[in-house]
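Visitor: Could you take me through a single part of this structure in detail? I would like to see how one helix sits among its neighbours.

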Amino acid sequence: MYSKEELHNGLNTFIFGKKIFTYDSIDSTNTCAKTLASAGAEEGTVIIAEYQTAGRGRLGRTWQAESGNNILLSVIIRPKLEINKIGLLPFFAAVGTAQALETAAGVRFECKWPNDILLNGKKCCGILLESSFQHNVLDYAVIGIGVNVNQKSFDEDLKERATSLRQEFGREFDRREVFQHIMKSLELLYSEVKNGNFMTTLNEWKSRTTIFGKQVAINQAGERLRGRAIALSADGGLVIETPDGRKICYAGDVVFTKES
Ligand code: BTN
């Protein structure tokens with residue numbers, strides 16, 4: 001287990017990771033971050049754990065990770081954003097993390113809508129962003145990041161789709177270094193994002209995705225949409241050209257389908 005001191009040592013940031021809470025085991029770092037944020041914890045506060053007993057993923061799923069081998073963290077932010085820009089925050093989290101992983105591993109990582117990070121076509125990082133509002137104004141957002149760093153193996157049902165840095169590169173990574181890169185990349189990007197400027201974030205995200213122009217299928221609210229992914233909407237939705245016209249998806253899992 002890394003101590004707070006080790007994680008701070010060499011961390012070159014002003015906001016992200018200035019305050020760190022470390023846990024051997026916790027239910028979910030996101031749940032803990034939400035509790036702390038509601039009680040007034042300052043922006044940049046990080047909760048990091050070696051193991052989660054109830055790690056949460058998107059769409060009500062669970063997030064499972066071997067104890068002591070991965071990065072499981074949540075960070076609190078309090079940007080002053082107009083409500084129509086909140087849906088862009090997951091792209092900020094994904095780009096910041098992808099840039100950090102690129103610095104650590106020296107290769108390009110792919111971003112998959114809305115906020116997965118892929119390496120050689122398999123998911124190595126998932127992001128869960130949760131927000132809280134007061135009187136229609138964003139009070140805080142919690143960015144939950146799970147990076148499969150040194151995970152040795154995955155369950156049968158996951159191993160076709162999931163991977164870790166260790167599996168792809170055949171060596172262990174220093175989690176402290178990866179953590180510090182994540183903090184640094186997020187902080188750099190945040191200097192624009194906190195003022196509502198998502199230009200760098202979205203350009204970077206688009207440069208890392210392969211989705212546009214492809215035939216996709218996506219389940220949204222019980223409906224299966226099929227069509228060509230053509231763009232991101234101004235509020236972060238995925239614009240799909242379907243036989244019934246253009247539709248915008250805000251949640252769901254994209255799968256690539258054959259050209260029709
Ligand atoms: C997904 O891909 O479905 C999102 C997974 C997010 C997992 C991380 S691990 C740290 C943080 N705490 C949680 O309970 N979830 C996020």
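Guide: Here is a close look at one helix, its two packing partners and a residue on each side of the story. Please keep in mind that this is a predicted model.

Let's begin with helix α3, which covers residues 89–105, and its partner α5, residues 175–193. Two packed helices are described by the angle between their axes and the distance between the axes. For this pair, the axes come within 8 Å and cross at roughly 135°. An angle of that kind makes α3 oblique to α5. The crossing of the two is right-handed.

Which residues of α3 and α5 meet? On the α3 side you will find L89, F92, A93, V95, G96, T97, Q99, A100, L101, T103 and A104. Facing them from α5 are V178, H181, I182, S185, L186, L189, Y190 and V193. Sorted by character, the residues in the contact of α3 with α5 comprise 13 nonpolar and 6 polar ones, with no charged residue.

Now turn to the contact of α3 with helix α6, residues 199–207. Here the axes are 9 Å apart, and the packing angle is about 65°. This crossing is left-handed, whereas α3 passes α5 in a right-handed one. From α3, the residues taking part are F91, F92, A94, V95 and Q99, and from α6 they are T201, L202, E204 and W205. The contact of α3 with α6 divides into 6 nonpolar, 2 polar and 1 charged. If you compare the two lists, F92, V95 and Q99 of α3 appear in the contact with α5 and also in the one with α6.

One residue of α3 deserves its own stop: E102. Is E102 buried or exposed? Its relative accessible area is 13%, so E102 counts as buried. Beyond its neighbours within four places in sequence, E102 is in contact with V107, R108, F109 and R208. With F109 there is a specific link, as the side chain of E102 reaches the backbone nitrogen of F109 at 3.1 Å. For a sense of scale, T257 is 155 residues from E102 in sequence and 28 Å from it in space, C-alpha to C-alpha.

Finally, let's go back to α5, where R175 lies. R175 has a relative accessible area of 10% and is therefore buried too. Leaving out residues up to four places away in sequence, R175 touches Y2, E50, G68, N69, N70, I71, V149 and N150.

Terms used: Residues are numbered from 1 along each chain as its sequence is written. This is a predicted model: local features need pLDDT of at least 70, side-chain atom pairs count only at pLDDT 80 or more; totals for chains, interfaces and linings use all residues. Side-chain values use heavy atoms; hydrogens and water are left out. Axes are lines fitted to C-alpha atoms, for helices over the stretch in contact, and angles run from 0 to 180 degrees between N-to-C directions. Helices (H or I, at least four residues) and strands (E, at least two) are DSSP runs, numbered from the N terminus. Angles under 35 degrees count as roughly parallel, over 145 as roughly antiparallel, 65 to 115 as roughly perpendicular and the rest as oblique. A crossing is left-handed if the near helix is turned anticlockwise from the far one by less than a right angle, and right-handed if clockwise. Contact means heavy atoms within 4.5 Å. Ala, Val, Leu, Ile, Met, Phe, Trp, Tyr, Cys and Pro count as nonpolar, Asp, Glu, Lys and Arg as charged, and the others, Gly among them, as polar. Buried means under 20% relative accessible area, exposed over 50%, partly exposed in between (1.4 Å probe, protein chains only). A polar contact is a pair of N or O atoms within 3.5 Å; within protein, one must be able to donate a hydrogen and the other to accept it, and residues adjacent in sequence count only if both atoms are side-chain atoms.
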